Amino acid sequence: MVPENLYYTKEHEWVLLQNGKAKIGITDHAQKQLGDVVYVELPAVGAQLKQMSSCGIIESVKAVSEIYSPLSGKVKTSNIALSDHPEKVNHSPFGEGWMFELEEIQESELKNLLSAQSYRELIGNES
Amino acid sequence: MPEPLIFEKSSPERKGYLFPSLDVPIFENSLSSEAAREDLPLPELSELDVVRHFTRLSQENFSIDTHFYPLGSCTMKYNPKIHDELASLSGFSDLHPFQPEDQVQGALEIMFQLQNLLAEITGMDSISLEPAAGAHGEFTGLLMVQAYFKDKKESRRQVLVPDSSHGTNPATAAMAGYEVVQIPSNSRGGVELESLKQSLSENVAALMLTNPNTLGLFDENILEITRLVHEKGGILYYDGANLNPILGIARPGDFGFDVVHVNLHKTFTIPHGGGGPGAGPVGVKKFLEPYLPVPIVKKKKNSGQEWYYLDDHYPKSIGKIKAYYGNFLHLVRGLAYILSQGAEGLKRIAELSVLNANYMKEALKKYYDLPYDRMCQHEFVLSAKKQKAYGVKASDIAKRLLDYGFHPPTIYFPLIVEEALMIEPTETESREMLDKFIRAMIQIAEEAEKNPSLVKGAPYTTPISRVDEVLAARKPNLCWC
């Protein structure tokens, strides 16, 4: 499952642009690779992030991985529900499992991200 | 039936001791009533209950003394029992760290010899025996790197690590306050040179590298890598986790590394884990010597006699990083191992560890996906990709191996291999044992195809089968209550 309306990173994050803000999470492919997510650490609200800088941690029973910010910007909100219910990342990676929202983003950076088509190719046409 | 918890075996008022009747006045308890707990639920058992409990638990252990233990990246080789015998000699085990030098000449000589031998083995100029583990050694190494640049009045903020690195490398760099920059691997499993070049700058303090790396592959570009980093004034850090297959054959110092740590508990047969201490000596090239942690053992002539002493006159030292002088009894074990093998023996260890790994790799690659198919060193990484098509994951295969009487390999590491199974046989296993393991792996591959639910339900022969790892991680309950 790779929704058409999103941008993607090689590190398996997705970006949804909404009213000049960017909502971010990890892809369905990423959650499948990780297995059951048991812990998520998100960037602090107000933090200034640089594009593709490491800004959080996601831990599954298999491994601990980093979350990269697909864009530069300021963290507006983060999904605090994930601290009690990290399983939302598995159940609904593009919905309730979203991670954080950035404001003050630069649209020019979008060219560094992947389209749904390119992301599908990256993960080997898994749909 | 699994052995119950010791709390479950408890019975009120049962005791494992009997004090003689009191022949002194009763001491008035000076603790306030809030400070004294009434409800401390300590188990109440007889001595026999306790002995049986822990003996049974010990019999449920999977250990190198009972089972083949091909845990990749950990070098679970046999730990010769003579080392324990030597370490328990009272001349070593009863020493006090504050004893004067003239009473501990033998102990100091052991440390001095080990320093020299490790320096020779790694191609370094000086060794500190203090660090108590590999990651402790890494941290010590990076603190020295930091002290060196501070001394040179250079501000360098980044440490480079390949994406195949041990997790301790980026963790150590972050702990030391550096920004971690990850370098991708190339199609042969080595460091991607173009990315390395792009990431190098005057802001890079060090590159931390394991060679052979966690794929068990020797980086053929190692001389080019060290040259590139040095060209920009950076330091080369060698993670000695995988030193075993190059012992006596190649030396990190000759590749161009400036700082090295070795794991006595991997390469030099001191016991792993069990909560016990390890030992991660650190070696440096001459220009980093002033920053070594103190003290270093030295030798001088004292009225015609050889005299060993502790030298802490290192004004630029990063200071002490562990109480006293490292885990001394482990140093005894490590030295005993090196001396008993000798130079030829160490070389033979390296050769056999490589031979064993390649033997298994070649036998298994028909049945499991081998993402980097080339001559490996002491270990190799398979992928359970083929088996995943039948719904069987690397973790299922690992658990099924328990039923065949083997400790599982390392799984899901390195992170760059999907469904990774990282297998390191070590040099101490016989060909018969390797064949037995190969047969088990082939059989599990067949089971995965024909009867996947059998593998997914494993293990069946252990006291406890599958535990709920997800629940344990999400809602950990560490209390008996």
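**Stop 1: two oblique helices in chain B**

Select α5(B) and α6(B) in this predicted model: the two helices lie oblique to each other. Helix α5 covers residues 134-151 of chain B and helix α6 covers residues 168-175 of chain B; their axes come within 9 Å and cross at roughly 45°. That angle falls outside the ranges for roughly parallel, perpendicular or antiparallel pairs, which is why the word oblique applies. Turn the view until one helix lies over the other, and you will be looking at a right-handed crossing.

Now show side chains at the contact. From α5(B), pick B:G134, B:A135, B:E138, B:F139 and B:L142. From α6(B), pick B:T168, B:N169, B:T172, B:A173 and B:M175. Colour this contact of α5(B) with α6(B) by class and you should find 5 nonpolar, 4 polar and 1 charged residues.

**Stop 2: another helix pair in chain B**

Next, select helix α4 (residues 105-122) and helix α10 (residues 328-364), both in chain B. How do their axes cross, and within what distance do they come? The crossing angle is roughly 55°, and the axes come within 10 Å. α4(B) is therefore oblique to α10(B). The handedness here is left-handed, whereas the crossing of α5(B) and α6(B) is right-handed.

To see the contact, highlight B:A107, B:I110, B:M111, B:Q113, B:L114 and B:L117 on α4(B). Facing them on α10(B), the contact residues are B:F328, B:L331, B:V332, B:G334, B:L335 and B:I338. Try the class colouring again: this contact has 10 nonpolar and 2 polar residues, with no charged ones.

**Stop 3: a buried strand and its partners**

Stay in chain B and select strand β4, residues 204-209. Is this strand mostly covered or mostly exposed? Mostly covered: 6 of its 6 residues are buried.

Bring in the strands that pair with β4(B). Strand β2 (residues 158-162) of chain B runs parallel to β4(B), and 3 bridges link the two. For a landmark in that pairing, find B:Q158, which stands opposite B:V204. Then add strand β5 (residues 235-240) of chain B, which is also parallel to β4(B) and joined to it by 4 bridges. Here B:L207 has B:L236 as its bridge partner.

**Stop 4: a three-stranded sheet in chain B**

Move on to the open sheet of 3 strands, ordered β10-β12-β11 in chain B, where the pairing is antiparallel. The edges are β10 (380-383) and β11 (410-411), each pairing on one side only. Zoom in on β10(B) and strand β12 (residues 420-423) of chain B, an antiparallel pair joined by 4 bridges. Within that pair, look for B:F380 opposite B:I423.

**Stop 5: over to chain A**

Now select chain A and trace its open sheet of 6 strands in the order β1-β2-β3-β9-β8-β5, again with antiparallel pairing. The edge strands of this sheet are β1 (7-8) and β5 (48-49) of chain A. At the β1(A) edge, strand β2 (residues 13-18) of chain A pairs with β1(A) in the antiparallel sense through 2 bridges. The bridge partner of A:Y8 in β2(A) is A:W14.

**Last stop: where the chains meet**

Finally, show both chains together. How many residues of each chain are in contact with the other? There are 6 from chain A and 6 from chain B. On the chain A side, 4 are nonpolar, 2 are charged and none is polar.

Technical notes
Residues are numbered from 1 along each chain as its sequence is written. Chains are lettered from A and ligands numbered from 1 in the order in which they are written. This is a predicted model: local features need pLDDT of at least 70, side-chain atom pairs count only at pLDDT 80 or more; totals for chains, interfaces and linings use all residues. Axes are lines fitted to C-alpha atoms, for helices over the stretch in contact, and angles run from 0 to 180 degrees between N-to-C directions. Angles under 35 degrees count as roughly parallel, over 145 as roughly antiparallel, 65 to 115 as roughly perpendicular and the rest as oblique. A crossing is left-handed if the near helix is turned anticlockwise from the far one by less than a right angle, and right-handed if clockwise. Two residues are in contact if their C-beta atoms, placed from the backbone, lie within 7 Å. Ala, Val, Leu, Ile, Met, Phe, Trp, Tyr, Cys and Pro count as nonpolar, Asp, Glu, Lys and Arg as charged, and the others, Gly among them, as polar. Two strands pair if DSSP finds at least two bridges between them. A residue is buried if 20 or more other C-beta atoms lie within 10 Å of its own, exposed if 12 or fewer, and partly exposed in between; C-beta atoms are placed from the backbone.
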